[in-house]
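I opened the notebook for this chain today. I went through fold, core, surface, charges and a few single residues, in that order.

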Amino acid sequence: MDFQLLAKGIALAGCAIGAGCALIAGIGPGIGEGNAVAKALEAIGRQPECKGDVTSTMLLGCAIAETTGIYGFVTGLLLYLRCTWYVHELPELIKTAEMPYITD
């Protein structure tokens, strides 16, 4: 058994699972920003004179929360690109590997 091929396959699976988990990170900021906007609208509804303060604080919080989603997206994209690099390399490894159990 060619352990280099097995190691590449495990790395490929790990990259794919990691990319999927990293892209799930976009769900959290979406929910958090929705809750922040809802609470800001409630606060403005109760005290309309504090609209400027509430809006600026809400926008700052949403910008900070959005960075989590962006980091997750970039991480997932990098892992995906790494996976595609392995996918293009695997057929060459399979051709050169000694596998007596595979017949042509």
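**Setup.** I call a residue buried under 20% relative accessible area, exposed over 50%, and partly exposed in between, with a 1.4 Å probe and protein chains only. By that rule, 22% of the 104 residues in the protein chain are buried. The model is predicted, so local features need pLDDT of at least 70 and side-chain atom pairs count only at pLDDT 80 or more, while totals for chains, interfaces and linings use all residues. Residues are numbered from 1 along each chain as its sequence is written, and side-chain values use heavy atoms, with hydrogens and water left out.

**Fold.** I took helices (H or I, at least four residues) and strands (E, at least two) as DSSP runs, numbered from the N terminus. The protein chain has three helices and zero strands. Read from the N terminus, the order is α-α-α. H1 covers 3-23. H2 covers 27-46, and H3 covers 51-96.

I then looked at contacts, meaning heavy atoms within 4.5 Å. Of the contacts in the protein chain with a separation of 6 or more, 82% join residues 24 or more positions apart.

**Core.** Which residues make up the largest nonpolar core? A nonpolar core here is a set of buried Ala, Val, Leu, Ile, Met, Phe, Trp, Tyr and Cys residues joined through side-chain atoms within 4.5 Å. I found six residues: Ala40, Ile44, Cys50, Val54, Met58 and Cys62. Helices H2 and H3 each supply at least two residues of this core. H3 has the largest share, three residues. I checked Val54 next. Leaving out residues up to four places away in sequence, Val54 touches Ala40, Ala43 and Ile44.

**Surface.** Accessible areas come from the Shrake-Rupley method with a 1.4 Å probe; for residues, only the protein chains shown count as cover. The protein chain exposes about 7,500 Å², and carbon and sulfur atoms supply 69% of that area.

I searched for patches next. They are made of residues with over 30% relative accessible area and no salt bridge; like charges are joined within 9 Å, and nonpolar side chains (Val, Leu, Ile, Met, Phe, Trp, Tyr) within 5 Å. I noted one nonpolar patch of Leu23, Ile70, Tyr71, Phe73, Val74, Leu77, Leu78, Tyr80 and Leu81, with about 930 Å² of accessible area together. H3 gives the most to the nonpolar patch, eight residues. One patch member, Ile70, lies in helix H3. Ile70 counts as partly exposed because its relative accessibility is 45%.

**Charges.** How many salt bridges are there? I required a side-chain nitrogen of Lys or Arg within 4 Å of a carboxyl oxygen of Asp or Glu. The count comes to two.

- Lys39 pairs with Glu42, and their closest N and O atoms are 4.0 Å apart. Both residues lie in helix H2, three residues apart, about one turn of the helix.
- Arg46 also meets Glu42 in a salt bridge, 3.8 Å from N to O. Arg46 and Glu42 are about one helical turn apart because they sit four residues apart in helix H2.

The shared partner joins Lys39, Glu42 and Arg46 into one network. I looked up accessibility for each. Lys39 is exposed at 53% relative accessible area. Arg46 is exposed at 66%. Glu42 is partly exposed at 38%.

Is Glu33 buried or exposed? Glu33 is buried yet has no salt bridge. I counted Lys and Arg as positive and Asp and Glu as negative, leaving out His and the chain ends. The nearest side chain of opposite charge to Glu33 is Lys39, 17 Å away. Glu33 is found in helix H2. Apart from neighbours within four places in sequence, Glu33 contacts Cys62, Ala65 and Glu66.

**Long-range pairs.** I picked Leu79, in helix H3. Leu79 is partly exposed, with a relative accessible area of 25%. Leu79 and Gly14 are 65 residues apart in sequence, and 9.2 Å apart in space, C-alpha to C-alpha. Beyond four places in sequence, Leu79 touches Cys15, Gly18 and Ala19.

I closed with Ile24, in the loop between H1 and H2. Ile24 is exposed at 51% relative accessible area. Ile24 and Phe73 are 49 residues apart in sequence and 8.5 Å apart in space, C-alpha to C-alpha.
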